[in-house]
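Here's a quick tour of the empty spaces and the surface of one protein model. Have the viewer open while you read.

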Amino acid sequence: MNTGEAQLSARLFSLEPKIRYVAVNQNGKIVEMQQSLAHPSYNPAETDRIEELVVNPVMLELAARRGNLVMDGIRYVIIRYGTQYQLLMPYQNGHISIGVELQDDPIEIARKIAMALHLRQ
C-alpha cells in the first residue's frame with residue numbers, strides 16, 4: 001500500500017468531518033477503506049469491499065463513457081441509497097468513494113474534495 005494513499009482517508013476526514021467513509025481503488029485494487037470513528041457503518045465491510053471492486057468502477061465507467069462523448073468528461077457520481085449518499089470520484093488510476101449522511105450536502109462535499117485533491121471541477 002502506498003504511504004500517500006494510506007493517509008488519504010485521514011486527510012479527507014479532517015477536511016470534512018461529515019464524511020463517514022472513504023475508500024480508494026487504484027488499478028482495480030482497494031488500497032484504502034476506512035470508516036470514520038465518528039460514524040458507525042450501516043453495513044458489513046464485505047459489502048463495501050464488493051462495492052469498491054465491482055459496483056463503483058462499473059458505475060463510474062458508464063458515466064464517464066457518456067460524459068466523454070460531448071460533455072467534457074465526468075467529475076463525480078452521487079448515489080442516494082436508503083441510508084446514505086455515496087460519492088464516487090475518478091482519482092488517479094481508479095476512484096475514491098466517499099460515504100455521506102443523508103442530511104449533508106454531497107455536492108458541497110464533492111467540491112471540497114475536488115479542490116483539496118486538485119481534481120477537475
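What follows covers a surface patch, a pocket and a cavity, in that order.

## The greasy patch

Keep in mind that this is a predicted model. On its surface, Ile 50, Leu 53, Val 54, Val 55, Val 58, Met 59 and Leu 62 come together as a nonpolar patch. Together they offer about 540 Å² of accessible area.

Take Val 54 as an example: you'll find it in helix H3, which spans residues 45-70. Its relative accessibility is 46%, so Val 54 counts as partly exposed.

## The largest pocket

Which element gives the most to the lining of the largest pocket? That's H3, with 4 residues. Strand E5 (94-100) also supplies at least two, as H3 does. The pocket itself has a volume of about 150 Å³.

If you want to select the lining, pick Asn 25, Gly 28, Pro 57, Leu 60, Glu 61, Ala 64, Ile 74, Pro 90, Asn 93, Gly 94 and His 95. By class, that's 5 nonpolar, 5 polar and 1 charged residues.

## The closed-off space

How many cavities of 30 Å³ or more does a search of the whole structure find? Just 1, and the largest cavity holds about 50 Å³ of space.

Its lining is made up of Arg 20, Tyr 21, Gln 35, Ser 41, Tyr 42, Asn 43, Asp 48, Glu 51, Gln 84 and Gln 86. Here the split is 2 nonpolar, 5 polar and 3 charged. H3 turns up again, as H3 and strand E1 (19-26) each supply at least two of the lining residues.

Methods
Residues numbered from 1 in each chain as written. Predicted model: local features only at pLDDT ≥ 70, side-chain atom pairs only at ≥ 80, totals over all residues. Heavy atoms only, no water. Patch = residues over 30% accessible without salt bridge, like charges linked within 9 Å, V, L, I, M, F, W, Y side chains within 5 Å. Areas by Shrake-Rupley, 256 points an atom, 1.4 Å probe, with all protein chains shown as cover. Salt bridge = Lys/Arg side-chain N within 4 Å of Asp/Glu carboxyl O. Buried < 20%, exposed > 50% of the residue type's maximum accessible area, 1.4 Å probe, protein only. 1 Å grid on protein atoms, 1.4 Å probe; cavity = no way out; pocket = protein on both sides within 12 Å on 5 of 7 lines; lining within 4 Å. Points joined across faces, edges and corners; volume = space filled by probe spheres on them. Nonpolar A, V, L, I, M, F, W, Y, C, P; charged D, E, K, R; others polar.
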